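The exercises below go with the structure shown next. Work through each task before reading its solution.

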Amino acid sequence: MDEWAVMLLSAFWFGILTSISPCPLATNVAAISYISKGIQSPYRVFGTGLAYTIGRMLSYLVLGVILVGSLLSTVTLSVLLQKYMNLLLGPILILVGMFLLELLTLRLPGDGALIEKLKAKINPQGYLGALLLGILFALSFCPTSAALFFGSLLPLALEAQSSIALPAIYGLATGLPVLVFAILLGVSAHRVAKAYNHILAFEHWARKITGVVFIIIGSYYAWVNIFAPFLSQR
């Protein structure tokens with residue numbers, strides 16, 4: 001498997017992990033409740049779920065284009081990132097791993113009142129409402145999603161110089177549970193509750209394992225790129 005394929009899979013995994021973390025998963029489930037209310041056709045439920053997923057993907061795609069594109073377009077900063085990214089990668093992975101293991105916590109500014117006001121004004125019925133909900137929920141970062149996006153995906157996209165593909169894959173993956181729930185809603189509400197419980201159990205272990213892997217890999221990169229060269233010079 002080549003390096004680009006690994007990066008695509010990594011971006012997809014970060015998106016999946018984001019989507020099943022408690023805060024984003026709660027917004028995803030809330031979104032399904034909104035977009036499926038009063039809709040009897042399973043095909044329409046799936047269509048609105050797809051529109052919501054596209055909305056999330058568009059949000060992260062625009063963020064990727066703005067953040068990655070602007071950082072790489074600055075020649076001096078681009079050179080510094082290429083030169084020092086390996087030095088930063090180890091500590092960043094360790095910090096993200098600690099967040100995933102809940103060894104560190106982050107309190108984001110604001111109480112989400114603006115998001116709630118905007119959400120209340122959006123008509124959840126129909127494809128446009130679902131699309132807008134996806135955009136809105138994607139931008140309402142919580143500590144876990146912020147750590148995964150800014151601490152994992154963004155450095156990966158900078159390393160790959162990809163402002164479109166990796167953020168788009170990440171955004172698509174963050175909305176996949178909504179598609180699954182939309183399909184299940186068209187079949188049986190009982191299966192939705194059962195699937196939700198399985199996802200919560202999977203999220204707990206997936207987040208813990210990923211956190212441990214991040215710390216191990218981060219420690220390796222920190223040793224190889226920071227401590228070993230420093231000790232060899234003494």
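A residue counts as buried when its relative accessible area is under 20%, as exposed when that value is over 50%, and as partly exposed in between. The model is predicted, and each exercise treats it as such.

**Exercise 1. State the fold in terms of elements, burial and contact range.**

Step 1. Count the elements: the protein has 10 helices and zero strands.

Step 2. Write their order. From the N terminus on, the elements run α-α-α-α-α-α-α-α-α-α.

Step 3. Take the burial over the chain: of the 234 residues, 40% count as buried.

Step 4. Consider the contacts between residues at least 6 apart in sequence; 82% of these join residues at least 24 apart.

**Exercise 2. Compare the span of helix 1 with the expected value, and list the residues of helix 1 that are buried.**

Step 1. Helix 1 has 17 residues, which at 1.5 Å a residue should span 24 Å. The expected span is 1.5 Å times one less than the number of residues.

Step 2. The end C-alpha atoms of helix 1 are 24 Å apart, which agrees with the expected span.

Step 3. Apply the 20% cut-off to helix 1: the buried residues are Met7, Ala11, Phe14, Gly15, Ile16, Leu17, Thr18 and Ser19.

Step 4. As background, an α-helix has 3.6 residues a turn, so residues three or four places apart point the same way.

**Exercise 3. Describe the largest nonpolar core and the place of helix 8 in the structure.**

Step 1. The largest nonpolar core holds 22 residues, of which Leu166 and Tyr170 touch the most other members.

Step 2. Two or more residues of this core come from each of helix 1 (3–19), helix 3, helix 4 (75–100), helix 7 (143–160), helix 8 (165–174) and helix 10 (189–232). Helix 7 gives the largest share, seven residues.

Step 3. Apart from this core lies another, of 12 residues, which includes Ala51, Tyr52, Ala130 and Ala182.

Step 4. Look at the contacts of Leu166. With neighbours within four places in sequence left aside, Leu166 is in contact with Trp4, Met7, Leu8, Ala11, Leu153, Leu156, Ala157 and Ala160.

Step 5. Turn to helix 8, where Leu166, Pro167, Ala168, Tyr170, Gly171, Ala173 and Thr174 are buried. These are seven of the 10 residues of helix 8, so helix 8 is largely enclosed by the rest of the structure.

**Exercise 4. Find the largest cavity and characterise its lining.**

Step 1. A search of the whole structure finds one cavity of 30 Å³ or more. The largest cavity contains about 60 Å³ of space.

Step 2. Its lining is formed by Thr18, Cys23, Pro24, Thr27, Arg56, Tyr60, Phe137, Ala138, Ser140, Phe141, Cys142 and Ser145.

Step 3. Sort these residues by class: seven are nonpolar, four polar and one charged.

Step 4. Assign them to elements. Helix 2 (22–36), helix 3 (42–73) and helix 6 (126–139) each supply at least two lining residues, and helix 2 gives the most, with three.

**Exercise 5. Place Tyr43, Ile54 and Phe227 by element and by accessibility, then relate each to a residue distant in sequence.**

Step 1. Tyr43 is in helix 3 and is exposed, with a relative accessible area of 73%. Its C-alpha atom is 9.1 Å from that of Ala182, a residue 139 places away along the chain.

Step 2. Ile54 also belongs to helix 3. At 34% relative accessibility, Ile54 counts as partly exposed. The C-alpha atoms of Ile54 and Gly171 are separated by 8.1 Å, with their positions 117 residues apart along the chain.

Step 3. Phe227 is in helix 10 and is partly exposed, at 46% relative accessible area. Phe227 and Leu87 are 140 residues apart in sequence and 10.0 Å apart, C-alpha to C-alpha.

**Exercise 6. Examine the loop residues Gln161 and Leu104.**

Step 1. Gln161 lies in the loop between helix 7 and helix 8. It is partly exposed, with a relative accessible area of 48%.

Step 2. Check the backbone: phi of Gln161 is near 55°, a positive value in a residue other than glycine. Most residues other than glycine have a negative phi.

Step 3. Leu104 lies in the loop between helix 4 and helix 5 (113–121) and counts as partly exposed at 30% relative accessibility.

Step 4. Not counting residues up to four places away in sequence, Leu104 touches Leu95, Met98 and Phe99.

Key: Residues numbered from 1 in each chain as written. Predicted model: local features only at pLDDT ≥ 70, side-chain atom pairs only at ≥ 80, totals over all residues. Heavy atoms only, no water. 1 Å grid on protein atoms, 1.4 Å probe; cavity = no way out; pocket = protein on both sides within 12 Å on 5 of 7 lines; lining within 4 Å. Points joined across faces, edges and corners; volume = space filled by probe spheres on them. Helix = DSSP H or I, 4+ residues; strand = E, 2+ residues; numbered from the N terminus. Nonpolar A, V, L, I, M, F, W, Y, C, P; charged D, E, K, R; others polar. Core = buried A, V, L, I, M, F, W, Y, C linked by side-chain atoms within 4.5 Å. Buried < 20%, exposed > 50% of the residue type's maximum accessible area, 1.4 Å probe, protein only. Contact = heavy atoms within 4.5 Å.
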